[in-house]
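Work through the following exercises with the sequence and the structure side by side, and try each task before you read its solution.

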Amino acid sequence: MDITATDRLLSTTRAVRRRLDLERPVGREVILECLRLAVQAPTGGNSQAWRWLVVDDPEVRAAVADLYTPRTLAIIDRRYPHIRDPQTRRVYDSARYLATVLARVPVLIVPCVEGRPDDPGAAPPAAFYGSIFPAIWNLQLALRSRRMGSVLTTPFTGGDERRYAEVLKLPGTMTPIALLPVAYTIGDEFKPAARPPIETITRWNHWTEGR
Ligand SMILES: Cc1cc2nc3c(=O)[nH]c(=O)nc-3n(C[C@H](O)[C@H](O)[C@H](O)COP(=O)(O)O)c2cc1C
């Protein structure tokens with residue numbers, strides 16, 4: 001294993017919004033290649049209930065953006081005045097940009113779970129949702145290693161899920177989890193993000209003693 005390359009991949013796979021190349025097409029084969037790697041991720045009880053809806057038709061992308069853009073801009077406008085931290089402000093600025101260009105992003109991927117979280121016998125939330133996120137992250141890493149960028153967005157909240165389900169013709173048995181805009185990146189220079197020193201958020205053996 002090439003640890004230098006692996007560590008670089010793990011530390012520089014960022015949420016990409018502004019640097020999505022809206023002009024360069026993305027082929028279906030490379031998306032399938034990345035999804036093949038995505039489903040190497042673990043799932044609770046080996047459920048493998050992941051399903052992937054890939055949207056590359058401009059009309060469907062536009063219909064998705066018609067829902068995404070106004071809703072996201074409203075959320076950002078409501079929260080923005082309360083944000084003090086500059087890093088988080090930059091995230092919201094970049095999310096605002098993404099909302100305005102979503103229809104032009106070449107590919108949108110909607111990871112779904114077959115089943116509903118409130119089905120009788122459904123896995124508890126940690127396993128139901130927890131079984132799709134490792135695959136989503138594998139997907140984002142595979143995309144990054146092929147010079148593509150993505151960002152995990154979560155627009156399927158409350159009543160909005162039903163509206164998206166209509167546009168995407170999702171059966172009622174399917175739970176859409178996230179929406180990932182995918183494109184080649186403009187440039188390839190992504191840096192590790194500022195994070196607190198790991199020693200300040202890690203304790204050994206017991207939380208309240210034995211630091
Ligand atoms: C569960 C989850 C939900 C997220 N939802 C959104 C979202 O709705 N819109 C968005 O633009 N980014 C979203 N993000 C991306 C985060 O904003 C991003 O990961 C964070 O700002 C840190 O940036 P980095 O990934 O480049 O370190 C989400 C990330 C996670 C893990």
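**Exercise 1.** In this predicted model, find which residue of β5 is the bridge partner of Val107, and then describe how the strands concerned pair.

*Solution.* Begin at Val107, and you will find that its bridge partner in β5 is Val182. Next, turn to the strands themselves: β2, which covers residues 107-114, pairs with β5 in the antiparallel sense, and three bridges join the two.

**Exercise 2.** Find the bridge partner of Met148 in β5, and state in which sense β3 and β5 pair.

*Solution.* Starting from Met148, the bridge leads to Tyr184 in β5. Strand β3, made up of residues 148-150, pairs with β5 over three bridges, and the sense is antiparallel.

**Exercise 3.** Decide whether the residues of β5 are mostly covered or not.

*Solution.* A residue counts as buried when its relative accessible area is under 20%. In β5, which spans residues 180-184, five of the five residues are buried, and the strand is therefore mostly covered.

**Exercise 4.** Examine the phi angles of Lys169 and Asn205, then locate both residues and classify them as buried or exposed.

*Solution.* Recall that most residues other than glycine have a negative phi. Lys169, however, has a positive phi near 50°, and the phi of Asn205 is also positive, at about 70°. As to location, Lys169 belongs to the loop between α7 (160-168) and β4 (174-176), while Asn205 sits in the segment after β5. For the last step, exposed means over 50% relative accessible area; Lys169 is exposed because its value is 73%, and Asn205 is exposed because its relative accessibility is 80%.

Terms used:
Residues are numbered from 1 along each chain as its sequence is written. This is a predicted model: local features need pLDDT of at least 70, side-chain atom pairs count only at pLDDT 80 or more; totals for chains, interfaces and linings use all residues. Side-chain values use heavy atoms; hydrogens and water are left out. Buried means under 20% relative accessible area, exposed over 50%, partly exposed in between (1.4 Å probe, protein chains only). Helices (H or I, at least four residues) and strands (E, at least two) are DSSP runs, numbered from the N terminus. Two strands pair if DSSP finds at least two bridges between them.
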